[in-house]
Amino acid sequence: ISYDADVVVIGGGGAGLAAAVTAHQNGASVIIIEKMPRLGGNTILSGGAFNAVDPGRQVPQGIEDSIDKHFQQTFDGGDQVGNPELVRVLVENAYPAIEWLESLGMKFNDEVFTVLGGLWPRAHKPSTPLGTGFIDTYSNYINANDGIEVLLDTEATELIVENGRVTGVIAKHFNDDVTLNASKGVVMASGGFGVNSEMRDRFNEDWPALTNLKSTNHPGATGDGLVMAEAIGASLIGMHNIQLLPLGDPNSGSLSGNIEHGVENRIFVNKEGNRFVDEGARRDVMTLALMEQTDAYLYIVLDSSDYPDPDTTTNNFNETINELIDQGRAFKGDTLEELAAAINVDPANLVQAVESFNEAVENGGPDEFGRTLFARKIEQAPFYAGPRVPTVHHTMGGIEINTLAQVLDTDGNVIPGFYAAGEVTGGIHGANRLGGNALADIAVFGRIAGENIANEQ
Ligand code: ADP
């Protein structure tokens, strides 16, 4: 089977869909190929947090922020190994991307918050659960318009190059060979390699063995696009920069069951019932600290002000605390001592951990771990705890691009007709990605790729 379009997009996650919709808005005919039976990628599984400096929402909450602050936190938070030009593009275009999503019908809450490892309250939360709002918004656009088509269960295996220009894709749809000809070019948006254990081990330099760790990612995050791009001479950078989170579900590695609502109101304790890290720190800092604790196991501890109604208040994953307790995935105590008994930690230690946290809230910190992000004390019974372990979350390295989302070869030259966006790219987040910056990244660079490829001659 063979198809023709102006633009072919590989991958139907947030980056690919943003690129496809934007290319179509700029007059191109578009085909999206997705190897899984549905659209969504990691976006649909994510908590939905989208960082953007947004005075319209932040000022009424008394939050001071600026594009420069977002830039500096992103660049420094990645150990200054990201490409500052790409970081600048990210932070300047994050809010315009929110406005664009809203123009397509997406809704975000008015309140912004600090997401895990986000370092600052600038995360926007969609009004619908998880990342479904993004994917529904893009799907609605695709369904409402001619000239933008999705091929599911269609796995790209190879890029077609003619006279140095990328002109199409070879793919498999079950047993059928599919050829896709792209007159303007191809956008690679196939995501990272978070579930590809062999690749993780091959590139990992920074962590103890990752072999037995689970991942928050969807099963399609196998790094195919990196292999296809490298095969035609694309430059791959920062491949050893693999992000772990300290908040994986002990059974699945996923983020579901995470009871926290924001960074400010909860602490982490180890199996002894002691705090061990600044819970508002970078993701790598928190995960490395967790790996030093008994069984690399923590409990999030918070109080009922986060769950005013245990039967209706939900976490980011649309789960109520009582559902999680019934499933044995969260624990409750009417006192801290009862909670300690429920999770089998030393009650005196847990009480002390909460008391010292509450003192820091009163003093405004920084506390003994250097924590500075606080909102309110943990004091309103009942108290809740949820277990969490390290999990592989994001691969910061990938295909090298310029600020137009054009792919560069190993000599630094643009590969004509070839664009990339999203987690498959490298060079933006450096050694550590801030929480809430991925959804911003994929929308911003997806749009840039889509606009520029549509304007190819
Ligand atoms: P991003 O956040 O950058 O959009 P995701 O991982 O969320 O990345 O989405 C990437 C999408 O690309 C996933 O839906 C994944 O199944 C899809 N994908 C990965 N490899 C291929 C491939 N070889 N062919 C087609 N689709 C692919």
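Q: What makes the approach of A15 to the ligand a polar contact in this predicted model?
A: In this predicted model, a backbone N or O atom of A15 lies 2.9 Å from an oxygen atom of the ligand; a polar contact is a pair of N or O atoms within 3.5 Å, so the pair qualifies.

Q: Which ligand atoms do the backbone N or O atoms of A156 and E423 approach, and what makes these pairs polar contacts?
A: For A156 the partner is a nitrogen atom of the ligand at 2.9 Å, and for E423 the partner is an oxygen atom of the ligand at 2.8 Å; because the cut-off for a pair of N or O atoms is 3.5 Å, both pairs count as polar contacts.

Q: How much of the ligand's accessible area does the protein cover?
A: On its own the ligand has 580 Å² of accessible area, of which the protein covers 98%.

Q: Which elements give two or more residues to the shell around the ligand, and which gives the most?
A: The elements are α1 (14-25), β7 (154-162) and α7 (224-231), and β7 gives the most, with three residues. By class, the shell divides into eight nonpolar, 13 polar and five charged residues.

Q: How do you know that α1 and α12 are in contact, and how do they cross?
A: The helices α1 and α12 (residues 437-454) pack with their axes 7 Å apart, at an angle of about 35 degrees, and the crossing is right-handed. Contact means heavy atoms within 4.5 Å, and the residues that make this contact include A15 and A18 of α1 and G446 and G450 of α12.

Conventions. Residues numbered from 1 in each chain as written. Predicted model: local features only at pLDDT ≥ 70, side-chain atom pairs only at ≥ 80, totals over all residues. Heavy atoms only, no water. Polar contact = N/O pair within 3.5 Å; in protein donor to acceptor, adjacent residues only side chain to side chain. Areas by Shrake-Rupley, 256 points an atom, 1.4 Å probe, with all protein chains shown as cover. Helix = DSSP H or I, 4+ residues; strand = E, 2+ residues; numbered from the N terminus. Nonpolar A, V, L, I, M, F, W, Y, C, P; charged D, E, K, R; others polar. Axes fitted to C-alpha atoms, helices over the stretch in contact; angles between N-to-C directions. Left-handed = near helix turned anticlockwise from the far one by under 90°.
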